[in-house]
Amino acid sequence: MANTSGEDSAPIADRARDLAPVVWLLGKVQSGKTSIVRALTHATDAEIGNGFRACTRTARVFDFPSDAPIIRFLDTRGLGEAGYDPAEDIAFCEERAHLILVVARARDMQLEPVLETLAAVRLRHPDWPVVVVQTSLHENYASGQAHVLPYPFTPDETILPEVVPEELVRVLRYQRSLFRPLLGSAHIRFVPIDFTQKGDGFEPIDYGREPLIEALIAAAPAAVSIALAELPDPSGVSQAGNAHILGYALAAGASDAVPIAGVVTVPIAQAAMLHKLASIHGVNWDRRAYAEFGGALGAGVLVRTASSFGLRQLVKLIPVYGQTAGAAAAAATSFAATYAIGKAANYFLARRRRGVEVKDVTAVYHRALREAFRVSKAREESPRAAEIP
Ligand SMILES: Nc1nc2c(ncn2[C@@H]2O[C@H](COP(=O)(O)OP(=O)(O)OP(=O)(O)O)[C@@H](O)[C@H]2O)c(=O)[nH]1
Ligand SMILES: [Mg+2]
């Protein structure tokens, strides 16, 4: 297996970072921007404020996952502070973003700084998707009131269900009306959430997390949706590795489309991915495991990964893509092969200790290959995905 440590993995992260779509979080000071980054990516170094003083002082990007990012969250300094002119920061964010996530406390009706910025950005980018997150819902509950469960809000911005407390309906509706005069053809989606601390006494503490991810998926260009679908679930178990697999596969596909001598080759990306997955599952690739896994994928698949031979040869083995010549097909193939090897390895590593049937690993590999080609097709059909700087 190729060496996968240190200097090899940095270019993979760089390559993935170049491709990953960027979500721009825009909102006033202490509206809950960083809390969203933290809840979505589980980034523990995202510092959350105390509710009073401005916390995030400079724009910062959170890569998810950091070793091979598939999505990037651009967390920004809060708007509306005296003496802070956000023009430069806004220009910086605008150059990089693909989707805007506006964050506002549901009670906050003084949204001028946010609305002004949003209106200016939408004049220049009328088609950019916007999701407005209405945070800290319980500030509008009567005392002792719990969250309404199951989560009652729908993506339809006009309908607020009867089960929702009257005061909350009133503020949500009023705040939504403030966004109505904005220019731009894209639809604005509203998602009420309440990300509380454990001691606050509200269950669940990430009220609205899933609907928020769904709203982002619905709003986003296809490439972003695919990345968002791989965000970790709170238990973190069932999807362990998925986001990493997608990141490495994207990096592998890109390195085949735009070959840059000596940077990231497909086998190196694959080897680094296998290494990463093993560490996620807390196991090692010993000779036996590697042979067993290689056997499940079929003759030669891993030999190509392990040698520096490249996977272009696979083009011939995969019927649909074998017929289409050219770099795009090679890239799709490298992406698909890496993705499928990753999914199969994830399955294999998660079950190896308990014993795993070779034919099941093979089935996962084949299913993932088909899925990968669907994913590449969706990416091709999403032109914004191709123009990420
Ligand atoms: N109850 C509740 N509290 C929230 C929610 N979102 C954020 N908070 C709290 O609000 C405070 C500010 O949250 P942050 O995530 O730091 O807000 P921010 O927008 O990043 O703030 P700045 O970096 O200062 O601009 C913290 O005390 C959070 O715990 C929410 O949805 N519900
Ligand atoms: Mg912050």
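A nonpolar core is a set of buried Ala, Val, Leu, Ile, Met, Phe, Trp, Tyr and Cys residues joined through side-chain atoms within 4.5 Å. Keep that in mind for the exercises below, and remember that this is a predicted model.

**Exercise 1. The overall fold**

Get your bearings: work out how many helices and strands the protein has, and what share of its residues is buried.

Solution. Start with the secondary structure: the protein has 16 helices and eight strands. Next, burial: of the 389 residues, 54% are buried. Then look at the contacts with a separation of 6 or more; residues 24 or more positions apart account for 72% of these.

**Exercise 2. The largest core**

Find the largest nonpolar core and say which residues have the most contacts inside it. Then explain where this core lies relative to the two domains.

Solution. Step one is the count: the largest core holds 67 residues, and the ones with the most contacts inside it are Ile36, Leu101, Val131, Leu212, Trp285 and Phe293. Step two is to ask who contributes. Helix H14 (residues 327-351) gives the largest share, nine residues. Step three is the domains: domain 1 (22-220) and domain 2 (242-386) both supply residues, so the core lies between them.

Now zoom in on Leu212. Skipping its neighbours within four places in sequence, Leu212 touches Ile36, Leu40, Leu101, Val131, Val133, Val191, Ile193 and Phe195. There's also a second, separate core, this one of 24 residues, with Trp24, Leu74, Ala104 and Leu115 among them.

**Exercise 3. Checking a helix**

Take helix H5 (residues 166-179) and test whether the distance between its ends agrees with its number of residues. Then see what its buried residues pack against.

Solution. Helix H5 has 14 residues, and the expected span is 1.5 Å times one less than that number. That gives 20 Å, and the end C-alpha atoms sit 21 Å apart, so the two agree. Next, pick out the buried residues of H5: Leu168, Val169, Val171, Leu172, Gln175, Arg176 and Phe179. Finally, follow them to their partners, which are strand E4 (99-105), helix H4 (112-124), strand E5 (130-135) and strand E6 (188-192).

**Exercise 4. Rings and charges**

Classify the ring pair of Tyr151 and Phe153 and the ring pair of Trp285 and Tyr290, and look for charges over rings at Tyr84 and Tyr347.

Solution. The protein has nine aromatic pairs. For Tyr151 and Phe153, the centres are 5.3 Å apart and the planes make 70°. Planes over 60 degrees apart count as edge-to-face, and that is the label for Tyr151 and Phe153. Burial splits this pair: Tyr151 is partly exposed at 21% relative accessible area, while Phe153 is buried at 10%.

Apply the rule again to Trp285 and Tyr290: with 5.8 Å between centres and planes at 90°, the pair is edge-to-face. Here both Trp285 and Tyr290 are buried. Ring pairs also tie Trp285, Tyr290, Phe293 and Phe348 together in a cluster, and Trp285 and Phe293 already turned up among the residues with the most contacts in the largest core.

On to the charges. Arg77 has its charged end over the ring of Tyr84, 4.0 Å from the ring centre. Arg351 lies over the face of Tyr347, at 3.8 Å from the ring centre.

**Exercise 5. Backbone oddities in loops**

Track down the cis peptide bonds at Pro150 and Pro204, then the positive phi angles at Gln30 and Ser136, and place each residue in its loop.

Solution. Begin with the cis bonds. Leu149 and Pro150 are joined by one, with omega at about -10°, and Pro150 is in the loop between E5 and H5. Glu203 and Pro204 are joined by a cis bond with omega at about -10°; Pro204 is in the loop between strand E7 (194-195) and strand E8 (206-207).

Now phi. Gln30 isn't a glycine, yet its phi is positive, about 60°. Its place is the loop between strand E1 (22-27) and helix H2 (33-41). With a relative accessible area of 15%, Gln30 is buried. Ser136, not a glycine either, has a positive phi of about 55°. Ser136 is in the loop between E5 and H5, and at 13% relative accessibility it's buried.

Definitions and conventions
Residues numbered from 1 in each chain as written. Chains lettered and ligands numbered in written order. Predicted model: local features only at pLDDT ≥ 70, side-chain atom pairs only at ≥ 80, totals over all residues. Heavy atoms only, no water. Buried < 20%, exposed > 50% of the residue type's maximum accessible area, 1.4 Å probe, protein only. Helix = DSSP H or I, 4+ residues; strand = E, 2+ residues; numbered from the N terminus. Domains from an automatic or database assignment. Contact = heavy atoms within 4.5 Å. Phe/Tyr/Trp six-rings, centres within 6.5 Å; stacked < 30°, edge-to-face > 60°. Lys NZ or Arg CZ within 6 Å of the ring centre and 35° of its normal.
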